[in-house]
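Welcome! Please take a moment to look over the sequence and the 3D view before reading on.

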Amino acid sequence: MRLLDISINSGTILRDWKKAIIIPIHKGGDCWVVKNYRLVSLTSVVHKQMEHVIAGYIRQVWEDRDWLYVGQHGFRPGYSCNSCKSQIITVCQDISDSLDEATRQDAIIIDFLKAFDLVPHDRLLKKIAASCVDSGVVIWIREFLIDHSQRVRVGEGHYSEEVRVTSGVPQRSVLGPLWFLAYVNDI
């Protein structure tokens with residue numbers, strides 16, 4: 001906890017905490033096809049613990065202020081994320097109600113394929129700041145996103161060149177899903 005306090009209060013993050021190693025996990029199918037791999041980002045264990053603390057704080061702020069859109073079911077405790085059952089039930093109920101009431105029901109379906117990779121950091125930070133999260137936490141998030149880098153490990157001891165990450169939120173991280181929720185909340 002002391003390390004988190006120092007990091008938040010100083011608005012700095014150790015350089016090693018901003019580096020990720022990406023491990024490609026084969027999902028099946030042709031092993032030469034990139035789409036057949038799930039990418040898992042490995043980061044510092046200490047940083048991961050800090051993410052848990054910050055995620056708990058952000059969830060509490062958003063819950064206290066009723067900030068998240070009520071129709072948002074993904075990445076939220078208390079909502080079914082197993083095939084988004086709660087979302088499907090809600091949509092089916094809305095359609096059923098509109099049929100009973102003979103009213104019109106419109107639907108827009110958005111495919112968020114690769115959406116985690118495309119989130120612009122500057123807009124994300126503005127949306128997180130607008131969600132009433134403490135400015136020290138926003139600065140910490142900004143510090144994490146700036147100069148964040150990653151490299152891919154293939155096999156044992158073989159690594160790609162390290163590249164700077166200029167957009168997106170870390171997949172398979174603690175904070176990544178929350179950051180994505182902040183980004184899409186006002187859509």
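What follows is a short tour of the core, the salt bridges and a few single residues.

This is a predicted model, in which local features need pLDDT of at least 70, side-chain atom pairs count only at pLDDT 80 or more, and totals for chains, interfaces and linings use all residues. Residues are numbered from 1 along each chain as its sequence is written, and side-chain values use heavy atoms, with hydrogens and water left out.

Let's start inside. In soluble globular proteins, nonpolar side chains tend to be buried together. Here the largest nonpolar core has 34 residues. A nonpolar core is a set of buried Ala, Val, Leu, Ile, Met, Phe, Trp, Tyr and Cys residues joined through side-chain atoms within 4.5 Å; buried means under 20% relative accessible area, exposed over 50%, and partly exposed in between (1.4 Å probe, protein chains only). Helix α7 gives the largest share of this core, seven residues. Among the residues with the most contacts inside the core are Trp62 and Trp179. Setting aside neighbours within four places in sequence, Trp62 is in contact (heavy atoms within 4.5 Å) with residues including Trp67, Leu178 and Leu181.

Helices (H or I, at least four residues) and strands (E, at least two) are DSSP runs, numbered from the N terminus. Gly176 belongs to helix α7, residues 176–184, and is buried at 0% relative accessibility.

Now for the charged pairs. How many salt bridges does the structure hold? There are four, each being a side-chain nitrogen of Lys or Arg within 4 Å of a carboxyl oxygen of Asp or Glu. Three of them, including their N to O distances, appear here:

| Salt bridge | N to O distance |
|---|---|
| Lys18 and Glu143 | 3.2 Å |
| Arg104 and Asp106 | 3.0 Å |
| Asp147 and Arg164 | 3.5 Å |

Lys18 sits in the loop between α1 and β1 and Glu143 in helix α6, so this pair ties together parts that are 125 residues apart in sequence. Lys18 is buried at 4% relative accessible area, and Glu143 is buried too, at 19%. By contrast, Arg104 is exposed at 72%, and Asp106 is exposed at 55%.

Finally, meet Ser149, which lies in strand β3 (residues 149–154) and is buried at 7% relative accessible area. Its side chain makes a polar contact with the side chain of Glu162, at 3.3 Å. A polar contact is a pair of N or O atoms within 3.5 Å; within protein, one must be able to donate a hydrogen and the other to accept it, and residues adjacent in sequence count only if both atoms are side-chain atoms.
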